[in-house]
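Visitor: Please take one part of this protein and go through it closely. I would like to look at the sheet and what packs around it.

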Amino acid sequence: MNWDDTESEQFKELAARVERATSGPQLSGPDIPDVPDDEVDFILTKEHRRFTEFADAVRRDRYIGLCYGPPGVGKTLSARRYAHWHELAPLLHGSRAREGEGQDRHDWHTLLYTPTVSATPRLIDKELTNMSMFFSSIRAPDPYDRRTFHGLHALTPFAELLIVDEADRLKTAGLEQLRDHYDRSRLGMILIGMPGIEKRLARYPQLYSRIGFVHEYRPLSADELTFVLQRHWAALGLPLSADDFTDAEAVAAVHRITTGNFRLLQRLFAQISRILEINDLHTITKEVVETARESLVIGSL
């Protein structure tokens with residue numbers, strides 16, 4: 001069997017997998033988590049705009065980018081928002097797309113992948129390939145067009161960027177598998193992880209030499225935190241006034257406790273809402289904030 005025959009057999013196999021995946025009422029997509037509730041009421045922050053500029057550059061120049069930051073500052077939410085994952089994930093997860101629904105969505109250009117803790121190179125390869133096939137079945141005018149696929153290890157040409165969240169979980173073999181996908185495809189790639197991942201990746205010169213830009217995702221600034229707190233106050237049906245000492249004192253307490261951490265802020269306000277309801281209170285005071293803080297388990301940020 002010559003090379004052309006081998007390539008033809010590979011394509012036929014891949015087309016058959018697409019046919020099985022996209023036909024029938026029991027469509028089952030790759031294992032993609034449900035859309036978080038906090039993604040529905042997304043707040044555009046300066047850090048999200050910086051992340052968007054960073055992702056646009058990686059997608060345009062097709063290199064590997066590295067994004068790191070402490071837990072809870074909004075890295076994952078920004079990545080999901082950039083990829084329009086709240087719209088794409090249900091379709092890739094199993095919901096049937098209406099005919100032609102995604103063909104004109106030029107902002108659907110990014111795939112988001114979160115490896116499991118025990119992900120092996122073979123599992124990573126399988127999940128990325130399956131995700132790509134489902135994405136192609138949505139975006140491609142003809143999912144069986146030969147130009148759609150460039151071999152079993154290449155990702156769909158309809159995607160321009162692959163974002164890998166929780167990249168800290170990957171061991172050396174998993175990182176090599178991602179590098180293999182990057183080399184075989186024409187995608188940009190962003191690795192998202194905790195502070196220190198940039199030093200760890202420096203020990204892998206073949207991968208690190210392909211990293212074109214490093215982006216640090218930082219907590220909310222004081223001004224941004226005040227803006228976000230206005231949204232939280234309004235959600236509880238309460239006014240927030242800079243001229244009110246009680247409000248100013250409560251805001252200072254929130255800032256001191258959360259230090260601009262998005263996730264911790266949401267957890268804190270969930271407790272504040274509960275305390276206000278239980279005690280039939282209509283004002284957020286420093287004492288309410290401190291009481292809410294006592295109900296939380298806060299580690300090092």
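Guide: This is a predicted model, in which local features need pLDDT of at least 70 and side-chain atom pairs count only at pLDDT 80 or more, while totals for chains, interfaces and linings use all residues. Residues are numbered from 1 along each chain as its sequence is written, and side-chain values use heavy atoms, with hydrogens and water left out.

Among contacts (heavy atoms within 4.5 Å) between residues at least 6 apart in sequence, 78% join residues at least 24 apart. The chain has 12 helices and five strands; these are DSSP runs, helices being H or I with at least four residues and strands E with at least two, numbered from the N terminus.

Now the sheet. Five strands form an open sheet in the order E2-E3-E4-E1-E5, with parallel pairing; two strands pair if DSSP finds at least two bridges between them. E2 and E5 (211–216) stand at the edges with a single partner strand each, so one side of each has no neighbour in the sheet. From one strand to the next, the twist averages 20°. Angles run from 0 to 180 degrees between N-to-C directions, and axes are lines fitted to C-alpha atoms, for helices over the stretch in contact.

Start with E2 (residues 110–113), which pairs with E3 (residues 161–164) over four bridges in the parallel sense. One bridge partner is Leu-161 in E3, matched with Thr-110. In a regular strand, side chains alternate between the two faces of the sheet. In E2 both faces are covered: Thr-110 and Leu-112 are buried on one side, Leu-111 and Tyr-113 on the other. Buried means under 20% relative accessible area, exposed over 50%, and partly exposed in between, with a 1.4 Å probe and protein chains only.

Elsewhere in the sheet, E1 (residues 64–68) and E4 (residues 188–193) are joined in parallel by five bridges, and Leu-66 has Leu-191 in E4 as its bridge partner. Helix H2 (residues 46–61) packs on the sheet and touches E1, E2, E3, E4 and E5; its direction makes about 175° with that of E5.

Leu-191 also appears in the largest nonpolar core, which has 51 residues, as one of those with the most contacts inside it. Such a core is a set of buried Ala, Val, Leu, Ile, Met, Phe, Trp, Tyr and Cys residues joined through side-chain atoms within 4.5 Å. Ile-190 is also listed there; beyond its neighbours within four places in sequence, Ile-190 is in contact with residues including Phe-54, Val-58, Cys-67 and Ile-163.
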